[in-house]
Amino acid sequence: MGEVELSCRAYVKMYLHACLFPRCSVNGLLLSSSSSAGGAVCVTDCVPLLHSHLSLAPITQLALTQVDVWCSQTQQRIVGYYQANACTSDSSPTPCALKIADKIAEQFDGAVLLMLDGSKMSPDYRVPPIVMYERKDSRWTLKDKHTIMLRQWEEIRDVASQMLDSGDHSLLVDFDSHLDDITRDWTNQKLNSKIAELCSPVNGNI
Amino acid sequence: MASVSELYDVGWEEMRDKLRKWREDNSRNSEQIVDVGEELISDHASKLGDDVWIIYEQVMIAALDCSRDDLALTCLQELRKQFPDSHRVKRLTGMRLEALERYDEANKHYDAILEDDPTNTAARKRKISILKAQGKNGEAIRELNEYLEQFVGDQEAWHELSELYINEHDYGKAAFCLEELMMTNPHNHLYCEQYAEVKYTQGGLENLELSRKYFSQALRLNNRNMRALFGLYMSASHIAASPKVSAKVKKDNIKYAAWAANQINRAYKVKFMKSLVKLLELLSCFFFCFWQLCKTS
């Protein structure tokens, strides 16, 4: 399977989502705005979805539909799924994670399943706290670490920490929060701009 | 760094009242409680009178939530000095050990409380929380079931059990817990809506119809519950699209779904006067679903 690259924006939003709800399991979708070139997938954005009742169907279905529609209008596609478990000692994919990832894989061949490892998210962590899975022979298997790219990891990590320290994670809106108050924007345009400001010296492409 | 009182221009009485409100609402805004409480305790403890003890407890628990063991220990030590033999304080000692992941020691504290007082519900619930923190969901469920046999009226416990069952994908048992909660809290729209979500997840025509009814009930109790509104739309649409229903049922459910879609559009229009894109998005989404509906009917 091909390479997967995580952009600054995607990583930071995932990280902030997990930090915003430290006592809950959270999940979300990984998006790509570029068509895959030579089997390589670039995850350019993510949409944080839920922080409660991840394994209940209605809101998940609703969110998937809405994100799908938004993607088709903004030339993006859903290329993966991420989840961070509430219990930091266990970062293995839950049955509902596998189910949703399967659904995504039906529509996109190179889909990835990303688990955030809570136990490795301390401020000075040296490696990205992520575990990625890809689909091989109808099963989700661990992806070779060398095919996962995070350009300028230290800078991205610092951007994430900086935003956490300054309380910017409270700006993040996931789909759950949107349903509590529909004036809140689950596409997180404001947060994206903030990340872009901090990331632009770091990454050529956001 | 500016103090809370400087930043927000509040006096100590307002800070004390804010803490009381958060206690009454049972809010878990631990970072705020730590900010306000720490300043109140260090600068104005003498003015608080007897309130100071409950504030120490509140701030201590919030401090544990924010990994501020220094602050938690300070509060705990004050409480220990004042109430040396209290079970309530012993429980707080146990909670601090839990926060430090010293679960065996914490369990010893709780067992000691229970030996002294077997009816101490707080200690029993802490033991169950430890199982949950260790990822032992199966055992936590077992213990919680035993607990509820004795303390059948404990709402918090029933809700916790429903959450545990949902995490274990045991939707039937989760529904049972939510039924208990709905019986004792018939006006709580959140329980209705959660029950409806569980039924929807279980799937099958009967469950979908139940789910639609309970989404409607949730809306009747709170017409601004967006989850219930979307849930009503989705459950009614699915029922209408099912090949097993009669023409009348199909017609009725298309009506319900249309009503829900209309309400949703109105809600979004009101909030997004200028955001035509979002509205179009939603309309196209519903159009697509209806189109699917019409295709199969």
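At 34% relative accessibility, A:Arg23 is partly exposed. The model that holds this residue is predicted. A:Arg23 makes a good starting point for the interface.

**The contact between chains A and B**

B:Asp65 is the salt-bridge partner of A:Arg23, with 2.9 Å between the closest N and O atoms. The pair crosses between chains. On one side, B:Asp65 sits in helix α4 (residues 51-65) of chain B. On the other, A:Arg23 sits in the loop between α1 (8-20) and β2 (26-32) of chain A. B:Asp65 is partly exposed too, at a relative accessible area of 27%.

How many salt bridges link chain A and chain B? The count is three. Nine residue pairs are in polar contact across this interface, with both residues at pLDDT 80 or more. Three helices of chain A, α2 (57-73), α3 (95-107) and α5 (175-180), each supply at least two residues of the side that touches chain B. Which of the elements gives the most to that side? It is α2(A), with 10 residues. By class, the side of chain A that touches chain B has 13 nonpolar, nine polar and four charged residues.

The size of an interface is often given as the accessible area lost when the parts come together. Chain A and chain B bury about 2600 Å² between them. Carbon and sulfur atoms account for 62% of that area. A:Arg23 appears again here: together with A:His53 and A:Ile182, it supplies 25% of the area that chain A buries against chain B. No other three residues supply more. In residues, the contact takes 26 from chain A and 30 from chain B.

**Salt bridges**

Over all chains, the structure holds 29 salt bridges. Three of the pairs are set out below.

| Pair | N to O distance |
|---|---|
| B:Asp65 and A:Arg23 | 2.9 Å |
| B:Asp154 and B:Lys125 | 2.8 Å |
| B:Glu160 and B:Lys132 | 2.7 Å |

Two of these pairs lie within chain B. Take B:Asp154 and B:Lys125, whose side chains meet in a salt bridge. B:Asp154 lies in the loop between α9 (137-150) and α10 (155-167) of chain B, and B:Lys125 lies in helix α8 (residues 121-133), so the pair ties together parts 29 residues apart in sequence. Is B:Asp154 buried or exposed? B:Asp154 is buried, with a relative accessible area of 15%.

Next come B:Glu160 and B:Lys132, also joined by a salt bridge. B:Glu160 is in helix α10 and B:Lys132 in helix α8 of chain B, so this pair ties together parts 28 residues apart in sequence. B:Glu160 is partly exposed, at 28% relative accessibility. B:Lys132 is also partly exposed, at 36%.

Chain A has a network of its own. Salt bridges that share partners join A:Arg9, A:Lys13 and A:Asp45.

**The annotated region of chain B**

Which residues of chain B does the UniProt annotation "domain: EMC2 TPR-like" cover? The unreviewed entry places it at residues 90-199. Over residues 90-199, chain B is 81% helix and 0% strand. The end C-alpha atoms of this stretch are 41 Å apart.

How values were computed
Residues numbered from 1 in each chain as written. Chains lettered and ligands numbered in written order. Predicted model: local features only at pLDDT ≥ 70, side-chain atom pairs only at ≥ 80, totals over all residues. Heavy atoms only, no water. UniProt positions renumbered as here; feature names shortened; annotations may be inferred. Helix = DSSP H or I, 4+ residues; strand = E, 2+ residues; numbered from the N terminus. Contact = heavy atoms within 4.5 Å. Buried area = accessible area lost by both parts, 1.4 Å probe. Salt bridge = Lys/Arg side-chain N within 4 Å of Asp/Glu carboxyl O. Polar contact = N/O pair within 3.5 Å; in protein donor to acceptor, adjacent residues only side chain to side chain. Nonpolar A, V, L, I, M, F, W, Y, C, P; charged D, E, K, R; others polar. Buried < 20%, exposed > 50% of the residue type's maximum accessible area, 1.4 Å probe, protein only.
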